[in-house]
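Hello,

Here is the structure I promised to hand over. Please open it alongside this note; what I found follows below.

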Amino acid sequence: MKQEAFEKQNQAAWEQMEAWIEALNTRRVDKLDDGESIGRDFPGLYRKVCHHLALARARRYSAGLQQRLNQLALDGHQHMYRARLPFFSATARFFANDFPAAFRRHWRYVLASHLVFYLPALGMALAVILQPALIYSLLDPGTVFSMETMYDPDNDRLGRERQSDTDLMMFGYYVYNNISIGFQTFAGGLLFGLGSLFFLIFNGLYFGAVATHLTVAGYTSTFWTFVIAHGAPELTAIVIFGAAGLMLSLKAIAPGRKRRWHAVRDAASDALPLVYGGTAMLLLAAFIEAFWSSTSWPPTWVKYTVGTVFWVLTYGYLLLLGRNEPR
Amino acid sequence: MSLVLRSRLLTLGIPTAQSRLLLDTTHDIATPEGVELKLPVAGLAARSLAWLIDAMIKLIVASFGSTAFLVFGGAGVGLMLLLAFTLLWLYNVLFEVFLNGATPGKKALGVRVVNLNGTPVGWSGSTIRNLLRFIDLLPGTYLLGLLSVSLSARFQRLGDLAAGTIVVYDTAVVPPMRAGADKPLPITVPLSAVEQQAIVSYAERAPRMNDERVAELASLLEPVLGQVDSDTLKRHASWIAGSGQ
């Protein structure tokens, strides 16, 4: 068949397809009116266009016609194979099941990440106990001084006591700062793990140094009451981001039987539940830190009790939820 | 296919799967319908310009936002930081997921993000590629991303490679159909299917080229068809395409 006869024969179908694409681009598929002139059988029309494209190639019709049909088929393909996810039920299912399940499924990485974070923290704590001046190897004296004044019990005005409008300011700051660190810890996995390890170890050392320094200085009633509650989701989330980063890095270093980028791609989508979950935990932590940790009116024992409950809840959630459903 | 065989075929002018890959910047996807679709992949220039437009939009929003929020004092600073976080990490993801793979900058350049299998990018692909942007911009000025886009076959930065996404042109430039444009004139020389296809494609593209180029391309056929001017060649094209039959 000559090209122009082919065009004449199928012109109507192509125009119908164009009308479909136009309609699907502007409206959702379930909102399309049944009575519209474009017909009902989009999949059939799409397959027909694919068939025409194959014919046009085999019969060596002109490049322009092939391009036109290729574009039509591509646009159709976009709508035919678009993933439509029920966002809200998927989100609920994610937090009730998928995230804690992913935490346990990747327990090797999660455990390694815990060690890489908490061992340096512990080491630094011991070092600062034995040799208090060692804190200046990490923090400059100005920072140490401001930390001390912030948590000095003699102030009788808790380090971060403030008006409610500054609560909101600190919430913004914690979201911006902490979640950025979390994302960077994950992304750093792509540098063969160096980035993730750096963020985990550095933050571990920093946390160990500051906590020990203030404890040794006798500021326990202010410092620990401040950090204990939000520390549960916050530190755990950083460790989870670290685990996600380590997953990336291991596949970048040792892709196994897959091609390297293929292995990294699979690892990235495997690690994604940890990233989403970690983000939610850091949001929660920022909220607690800004609006609960900063309060000074609750007695010390209330703060410790609430803090302990948060730790139990965090690990209880991650270790126990979503056990029944098959993944 | 071995390198020797491939170069042999290339010198003979026989297209192979490999040579097509080398010579064209399309990404081919196989569909369940058994036909191969060709996606035109966007290169460094289009992507950089799209990034620049997005960066300017973010800058303008950030500066307006910070001025507006300043009224609220400490709370305003908090809102400002939330805005900064959104622009830094969520801007691209939200636009790509909800606006069919295109941020405003990409939209302006006519490019968008799709998965390697040609389907629209979703939450996972967009999240991975945009979180790993942090690695692409190392060590500042997007050096790693630049290298990756320049060296990878489908102009992917590292985030794209890990997410399995590519940036493609939204619509190809399609020449209008030209049924019955010129009075058909038969060709007496036997031509292969590929050669006939080239002549029809020539007639299609002619309106978008200047006259000198049109004439120059027509003159290439002198050894085959003898002296032909561009109008004659277009009439031959009409004959091949079957005008008036």
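**A residue in chain A to start with**

Leaving aside residues up to four places away in sequence, A:Ala56 touches A:Tyr61, A:Leu65, A:Gln66 and A:Leu69. The residue sits in helix H2 (residues 42–58) of chain A. A:Ala56 counts as buried because it has 22 C-beta neighbours inside 10 Å, and the cut-off for buried is 20 or more. A:Asn70 is 14 residues from A:Ala56 in sequence. Their C-alpha atoms are 9.9 Å apart in space.

Please keep in mind that this is a predicted model.

**Chain A overall**

Chain A has eleven helices and zero strands. From the N terminus on, every element reads α: α-α-α-α-α-α-α-α-α-α-α.

How does the radius of gyration of chain A stand against that of a compact globule of 327 residues? Such a globule would have a value near 20 Å, but chain A has 29 Å. Along the principal axes, the C-alpha atoms of chain A fill a box of roughly 95 × 45 × 45 Å.

The domain assignment splits chain A into domain 1 (3–80) and domain 2 (88–320). Taken over C-alpha atoms, the centres of domain 1 of chain A and domain 2 of chain A are separated by 52 Å. A:Ala56, described above, is in helix H2 (residues 42–58) of chain A.

Of the 327 residues in chain A, 43% are buried. Take the contacts in chain A between residues at least 6 apart in sequence: 80% join residues at least 24 apart.

On confidence, chain A averages a pLDDT of 84. In chain A, 91% of the residues score at least 70. Confidence is highest in helix H5 (residues 107–130) of chain A, at 91. The lowest is in helix H6 (residues 141–151) of chain A, at a mean of 79. Where pLDDT is low, predicted coordinates should not be read in detail.

**Chain B overall**

Chain B has 13 helices and four strands. Buried residues are 37% of its 245 residues. Among contacts in chain B with a separation of 6 or more, 59% are between residues 24 or more positions apart.

Chain B is divided into domain 1 (44–169) and domain 2 (175–245). The C-alpha centres of domain 1 of chain B and domain 2 of chain B lie 45 Å apart.

**The hairpin in chain B**

Strand E1 (residues 26–30) of chain B and E2(B) run antiparallel, joined by five bridges. One pairing to look at: B:Thr26 has B:Pro40 in E2(B) as its bridge partner. Five residues lie between the strands of this hairpin. B:Gly34 takes a positive phi there, near 80 degrees. E2(B) is mostly covered, with four of its five residues buried.

**Where the chains meet**

How many residues does each chain bring to the contact? Chain B brings 51 residues and chain A brings 49 residues. Which elements of chain B give two or more residues to the side that touches chain A? They are these, all from chain B:

- strand E2 (36–40)
- helix H4 (74–98)
- helix H6 (123–131)
- helix H7 (133–136)
- helix H9 (158–163)
- helix H10 (193–205)

H4(B) gives the most to that side, with eleven residues. By class, the side of chain B that touches chain A has 31 nonpolar, 17 polar and three charged residues. E2(B), on this list, is also the strand that pairs with E1 in the hairpin.

**Two positive phi values**

Most residues other than glycine have a negative phi. Two residues in chain B are worth a look here.

B:Tyr142 has a positive phi, near 55 degrees. It is found in the loop between H7 and helix H8 (143–151) of chain B. B:Tyr142 is partly exposed because 17 other C-beta atoms lie within 10 Å.

B:Phe155 also has a positive phi, near 55 degrees. Its place is the loop between H8 and H9 of chain B. Is B:Phe155 buried or exposed? B:Phe155 counts as buried, because it has 21 C-beta neighbours inside 10 Å.

Best wishes

Terms used
Residues numbered from 1 in each chain as written. Chains lettered and ligands numbered in written order. Predicted model: local features only at pLDDT ≥ 70, side-chain atom pairs only at ≥ 80, totals over all residues. Rg over C-alpha atoms; globule rule 2.2 N^0.38 Å. Buried ≥ 20, exposed ≤ 12 C-beta atoms within 10 Å, placed from the backbone. Contact = placed C-beta atoms within 7 Å. Nonpolar A, V, L, I, M, F, W, Y, C, P; charged D, E, K, R; others polar. Pairing = 2+ DSSP bridges. Domains from an automatic or database assignment. pLDDT = per-residue confidence, 0-100.
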